[in-house]
Amino acid sequence: LRGEIASILGMNRDFSVILVGVGNIGRAMIENFCFEQYGFHMLAAYDVRPEVVGTDISGIRIHDISELPEIFRTSKVDMAVLSVPKLIANKVARELIDHGVRAIWNFTNVELDVSEDEAIVENIHFSDSLLALSYMISQREDEEEEDDAIKVAVIGKPNAGKSSLVNKILGEERVIVSNVAGTTRDAIDSYFENDQGRFVFIDTAGIRRKSKVEEDIEKYSVLRATLAIERSDVCLILIDATEGVTEQDTKVAGLAHEAGKASIIVVNKWDLIEKDGKTMDKMREEVRNGLAFMTYAPILFISAKTGQRVDRLFELIDYVSNQASTRITTGMLNSVLADAQTRVQPPSDKGRRLKIYYMTQVGIRPPHFVVFCNDSRLFHFSYQRYLENCLRNTFGLEGTPITLSIRQRGEKEG
């Protein structure tokens, strides 16, 4: 397992890590996963227990925690994995903050005295060392990405053609391509620039049904794909044209939808389909029915193998990314709101009618709107959907989900 994971990671940059408190997570990292093979450098390990201090684990010497300040004077530390007793938790956290070291904290029952602007110490609970390591890798990648490039996660079930699409875009065999489902087990980032902009394509591991995720390597792949969606700007959801929309496709698309990501539904392997004058319209209708919760996402039919329509992706990616960043003035929103209420009167219940006072936008990616009313209980889901459709009809917002929050007058923000 060690060799297989190390080979797919392909890390070649040093990333210095210290363990502060050699608990089960840290011990497993040292013993089972050979940090050096991941492109990490284990600088040192520390503990407070007399029976542990002075011992060795796979060649790593365990130092007394009182020696921690020395490492900052002699070495650059990128990240720390913490697992120390409650009594000294804040002291250790303060030491790391003062030296600008990012840390992950492995307890859910310890409150750190850390302000919001000192959030380099993150309280994240891991069930095993593989998940902790995967999180650490994602943190490193976030710091190294091109800020002005649109980050595009290429997602889909195994063998939908994700790697083939990325290779066609890049014009090189950047990732392994095989007709064996699940060949790509890591999320691979590829920078690409053309006349239409700068892009970082993230080719993810195919997301399988959870019942099939039995090995550690597959658990790692699913986590990495999920993290790739979280740090992306746009998701390309690949559908195999020869199979249509499957149950697994709906789950993959659901991850992007729930994460609030701008998305494009890409029907791949279109070259393998026998066609007549109605084939594309029929397939488009099937996709809309299968992914009914994503009616906002444009659909593009391509062939990663032949390159058919692949060049149209860039314009579409740029378009939906801009749509997700749309800002609308409160005045324009309330003009649409007034017109919407004139066309369809707000609902009522037992003689009490919903009164909507005003709407304002509070966020982007995805566009987030807050509607203030007299009684949120009267705001039926169907009327929320109606207002969302009114917003889309007026402002477009194609390719992006919308968040609509209902707030009752006098209700404080959470």
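**Entry 1: the hairpin-sized strands around K350**

I count as strands the DSSP runs of E with at least two residues, numbered from the N terminus. With that in hand I looked up K350 in this predicted model, and I found K350 in the loop between β14 (348-349) and β15 (352-353). Phi of K350 is near 55°, a positive value in a residue other than glycine. K350 counts as exposed, because its relative accessibility is 82% and the cut-off for exposed is over 50%.

**Entry 2: overall figures and confidence**

For the protein I noted 12 helices and 18 strands, and of its 414 residues 51% count as buried. Among the contacts between residues at least 6 apart in sequence, 66% join residues at least 24 apart. The average pLDDT is 78, and 70% of the residues score at least 70. I marked two stretches where I would read the coordinates with reserve: over residues 114-131 pLDDT stays under 50, and the model has 49 contacts beyond four places in sequence for them, while residues 139-146 also stay under 50, with 20 such contacts.

**Entry 3: the largest nonpolar core**

Which residues touch the most other members of the largest nonpolar core? I found L165, F199, F201, L236, I264, L313 and I317, out of the 27 residues that make up this core. At least two residues each come from β8 (150-155), α6 (162-170), β10 (197-203), β11 (234-240), β12 (262-268) and α10 (312-324), and α10 supplies the largest share, with 6 residues.

I then followed I264 through its contacts. Setting aside residues up to four places away in sequence, I264 touches V234, C235, L236 and I237, and also P298, L316, I317 and V320.

**Entry 4: β12 and its two partners**

Is β12 mostly covered or mostly uncovered? It is mostly covered, since I find 7 of its 7 residues to be buried, which means under 20% relative accessible area. Both faces are covered, with A262, I264, V266 and N268 buried on one side and S263, I265 and V267 buried on the other.

Next I looked up the strands that pair with β12. β11 runs parallel to β12 and is joined to it by 7 bridges, and in this pairing V234 stands opposite A262. Strand β13 (residues 299-301) also pairs with β12 in the parallel sense, over 3 bridges, and there I found L300 to be the bridge partner of V266. I traced the connections as well: β11, helix α8 (residues 247-258) and β12 make a right-handed β-α-β unit, and β12, helix α9 (residues 279-290) and β13 make a right-handed β-α-β unit too.

**Entry 5: the sheet β16-β17-β18**

Further along the chain I looked up an open sheet of 3 strands, in the order β16-β17-β18 and with mixed pairing. β16 (356-363) and β18 (403-408) stand at the edges, and because each has a single partner strand, one side of each is left without a neighbour in the sheet. From one strand to the next the twist averages 25°.

Strand β17 (residues 368-373) pairs with β18 in the parallel sense over 6 bridges, with V371 opposite I406. Helix α11 (residues 330-343) packs on this sheet, where it touches β16 and β17, and its direction makes about 140° with that of β16.

In the loop between β16 and β17 I found P366, and the peptide bond that leads to it from R365 is cis, with omega near 5°.

**Entry 6: backbone at N159**

Most residues other than glycine have a negative phi, and most peptide bonds are trans. I therefore kept a note of N159, which is not a glycine and yet has a positive phi of about 70°. N159 lies in the loop between β8 and α6, and with a relative accessible area of 30% it is partly exposed.

**Entry 7: D47**

Finally I looked up D47, which is found in strand β2 (residues 40-47). Is D47 buried or exposed? I have D47 as buried, because its relative accessible area is 4% and the limit for buried is under 20%. Apart from its neighbours within four places in sequence, D47 is in contact with G21 and V22, with V52 and V53, and with I62, H63, D64 and I65. I also noted that S83, 36 residues apart from D47 in sequence, is 9.0 Å apart from it in space, C-alpha to C-alpha.

Methods. Residues are numbered from 1 along each chain as its sequence is written. This is a predicted model: local features need pLDDT of at least 70, side-chain atom pairs count only at pLDDT 80 or more; totals for chains, interfaces and linings use all residues. Side-chain values use heavy atoms; hydrogens and water are left out. A nonpolar core is a set of buried Ala, Val, Leu, Ile, Met, Phe, Trp, Tyr and Cys residues joined through side-chain atoms within 4.5 Å. Buried means under 20% relative accessible area, exposed over 50%, partly exposed in between (1.4 Å probe, protein chains only). Helices (H or I, at least four residues) and strands (E, at least two) are DSSP runs, numbered from the N terminus. Contact means heavy atoms within 4.5 Å. Two strands pair if DSSP finds at least two bridges between them. A crossover is right-handed if, with the strands pointing away from the viewer, the path from the first strand over the helix to the second runs clockwise. pLDDT is the predictor's confidence in each residue, from 0 to 100. Axes are lines fitted to C-alpha atoms, for helices over the stretch in contact, and angles run from 0 to 180 degrees between N-to-C directions.
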